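I opened a new structure today and kept notes as I went. The entries are in the order in which I looked things up.

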Amino acid sequence: MSQLRGHALIGQSGGPTAVINQSLVGLVESCVEHPDITGVYGALNGIEGIIEERLIDLGRESREELERVAMTPAAALGSVRRKPTAEACRRVLDVFKAHDIRYFFYVGGNDSAETAHLLNEAALEIGYEVRLFHVPKTIDNDLAGCDHTPGFASAARFVAQAFMGDDQDNRSLGGVKINVIMGRHAGWLTAASRLARRHDGDGPHLIYLPEGVFDREEFCDRVEEMLLKHGRCLVAVSEGIHDAEGKVIASGTEVDSHGNIQLSGTGALGDYLSGLVKAKVSAAKRVRADTFGYLQRSFFGVISEQDALEAREVGRAAVRVATSGDCQHGSLAIQRGTNDGEYEPLYVVNDLSVVAAATRHVPEEFIKGTDDVSSAFVEWATPLVGTLPVPGRLASHPVSPKTNATQLS
């Protein structure tokens with residue numbers, strides 16, 4: 001395959017993450033440095049911005065500002081959820097031709113990979129030569145062909161530390177606390193709550209993933225068991241849990257252009273489960289529920305260093321692959337390697353058709369029974385998430401009473 005000279009265009013799509021801009025900056029810095037790339041543009045709001053020809057010149061940004069952007073969560077270019085029609089694909093290619101776009105990098109998740117695949121098919125159909133690559137990101141960690149995706153480790157770290165704090169709150173006041181975590185079809189992020197257990201008896205005491213069937217009666221029985229055992233119960237539950245017929249337990253009514261029913265923007269599941277516990281578990285005197293929703297996507301302060309490093313590098317890797325002349329299109333992926341027994345990321349390329357609209361589920365070896373996560377998951381996740389704090393525990397040395405106890409009314 002011959003070398004290709006022209007402009008590069010970068011877009012961001014789907015739900016933001018805490019490190020998506022690391023990939024953006026990795027792409028920009030590599031494009032600016034490459035002799036075959038004559039300029040680098042950004043599409044505002046992804047494919048929608050291309051269709052409307054809202055482009056900006058990223059090559060004119062200062063190095064200092066790019067570094068600040070890299071450390072800033074959420075999509076600096078603006079994001080979008082839009083599946084292109086055949087007509088929209090033709091319009092995108094018209095814009096590519098007008099601006100001599102010969103390299104296109106689309107940073108996103110499953111649906112973004114599908115969009116990239118549709119654009120690539122349209123480009124091949126008309127014979128327009130463009131190197132088109134999907135750059136992975138998603139806190140859901142559900143892209144096919146990946147060991148893990150940029151954005152997941154930071155969100156997992158956030159979830160783990162949020163559960164640590166919530167466990168202290170639950171320990172203080174008792175009762176049942178239910179937290180709903182993102183994860184439509186894959187429970188990776190909900191599984192990350194398992195990392196919060198630093199002492200015996202720590203929550204979450206029950207973890208429910210969409211990879212299994214959610215049984216309402218069994219759930220209530222297990223909550224009651226935890227109340228009897230610990231005097232309290234902290235629950236982690238994925239937004240996508242479903243019954244034996246595959247019907248989600250609770251959801252909203254909105255549907256996006258890719259056919260996804262809204263789950264994260266509603267507290268319906270938390271309200272339903274807390275109501276169920278109140279009605280069915282007599283020992284539950286205090287029941288509360290929170291929906292993390294979009295909270296776990298973009299945040300400052302608890303970003304995984306490994307996640308930030310890999311997000312930057314996967315952008316650089318995409319440019320290396322695109323300009324090598326060895327591959328015309330594909331989806332970048334991070335695989336797991338080792339170096340002297342230590343974890344090491346490997347950057348590879350998958351075919352777009354492998355990733356487009358596919359889902360990678362939590363494997364069986366990471367699941368323990370119907371309501372827990374195994375130690376194998378903890379071992380897998382730890383080098384990605386990094387070192388977590390260990391909560392303090394009072395030794396509770398008793399002081400001998402010196403008065404007669406009196407029951408106050």
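My notes below go from the whole chain to single residues.

**Entry 1: the whole model**

I noted at the start that this is a predicted model. I counted its secondary structure and found twelve helices and 13 strands. I then checked overall size. The C-alpha trace spans about 90 × 45 × 35 Å along its principal axes. For 409 residues, a compact globule would have a radius of gyration near 22 Å; I got 24 Å for the protein, which agrees.

I looked at burial next. Of the 409 residues, 54% count as buried. The accessible surface comes to about 18000 Å², and carbon and sulfur atoms hold 49% of it. I also checked how far contacts reach along the sequence. Among contacts between residues at least 6 apart, 78% join residues at least 24 apart.

**Entry 2: the nonpolar core**

Nonpolar side chains in soluble globular proteins tend to be buried together. I therefore looked for the largest nonpolar core, and it has 62 residues. Which residues have the most contacts inside it? They are I10, F105, L189 and F377. Helix α6, residues 152-173, gives the most to this core, with eight residues.

I picked F105 and listed its partners beyond four places in sequence. It touches A8, L9, I10 and G11. It also touches L27, C31, F133 and V135. A318, V319 and A322 complete the list for F105.

**Entry 3: G42, in strand β2**

I turned to G42, which sits in strand β2. Its relative accessible area is 0%, so G42 is buried. I took its distance to F105. The two are 63 residues apart in sequence, and their C-alpha atoms are 9.7 Å apart in space. Beyond its sequence neighbours within four places, G42 is in contact with L9, I10, R54, L55, I56, L58 and L77.

**Entry 4: helix α12**

F377 led me to α12, residues 375-385. Which residues of this helix are buried? I found F377, W380, A381, L384 and V385. They cover an arc of only 120° around the axis, which puts them on the same side of α12. An α-helix has 3.6 residues a turn, so residues three or four places apart point the same way.

I looked at the opposite face too. The face turned away from the buried side of α12 carries the exposed residues S375 and E379.

What do the buried residues of α12 pack against? I listed the helices α6, α7 (188-191) and α10 (305-324). The strands are β10 (329-339), β11 (342-350) and β13 (372-373). After α12 comes G386, with a positive phi near 95°.

**Entry 5: V385**

I stayed in α12 for V385. V385 has 3% relative accessibility; the cut-off is under 20%, so it counts as buried. I checked V385 against F158. They are 227 residues apart along the chain, yet their C-alpha atoms are separated by 9.3 Å. Leaving aside neighbours within four places, V385 is in contact with A153, A156, R157, L195 and S304.

**Entry 6: T149, in a loop**

I wanted a loop residue and took T149, between β5 (131-136) and α6. Is T149 buried or exposed? At 1% relative accessibility, T149 counts as buried. I followed its side chain and found that it reaches the backbone oxygen of T138 at 2.8 Å. Beyond four places in sequence, T149 touches T138, N141, L143 and D307.

**Entry 7: backbone exceptions**

Most residues other than glycine have a negative phi, and most peptide bonds are trans. I searched for exceptions.

- A cis peptide bond joins G203 and P204, with omega about 5°. I placed P204 in the loop between α7 and β7 (206-208).
- N45 has a positive phi, near 60°, and is not a glycine. I found N45 in the loop between β2 (37-43) and α2 (46-51). Its relative accessible area is 24%, so N45 is partly exposed.
- S396 also has a positive phi, about 60°, without being a glycine. I located S396 in the segment after α12. With a relative accessible area of 60%, S396 is exposed.

Key. Residues are numbered from 1 along each chain as its sequence is written. This is a predicted model: local features need pLDDT of at least 70, side-chain atom pairs count only at pLDDT 80 or more; totals for chains, interfaces and linings use all residues. Side-chain values use heavy atoms; hydrogens and water are left out. A nonpolar core is a set of buried Ala, Val, Leu, Ile, Met, Phe, Trp, Tyr and Cys residues joined through side-chain atoms within 4.5 Å. Buried means under 20% relative accessible area, exposed over 50%, partly exposed in between (1.4 Å probe, protein chains only). Helices (H or I, at least four residues) and strands (E, at least two) are DSSP runs, numbered from the N terminus. Contact means heavy atoms within 4.5 Å. The arc is that of the directions from the helix axis to the C-beta atoms. The radius of gyration is taken over C-alpha atoms; the globule rule is 2.2 Å times the number of residues to the power 0.38. Accessible areas come from the Shrake-Rupley method with a 1.4 Å probe; for residues, only the protein chains shown count as cover. A polar contact is a pair of N or O atoms within 3.5 Å; within protein, one must be able to donate a hydrogen and the other to accept it, and residues adjacent in sequence count only if both atoms are side-chain atoms.
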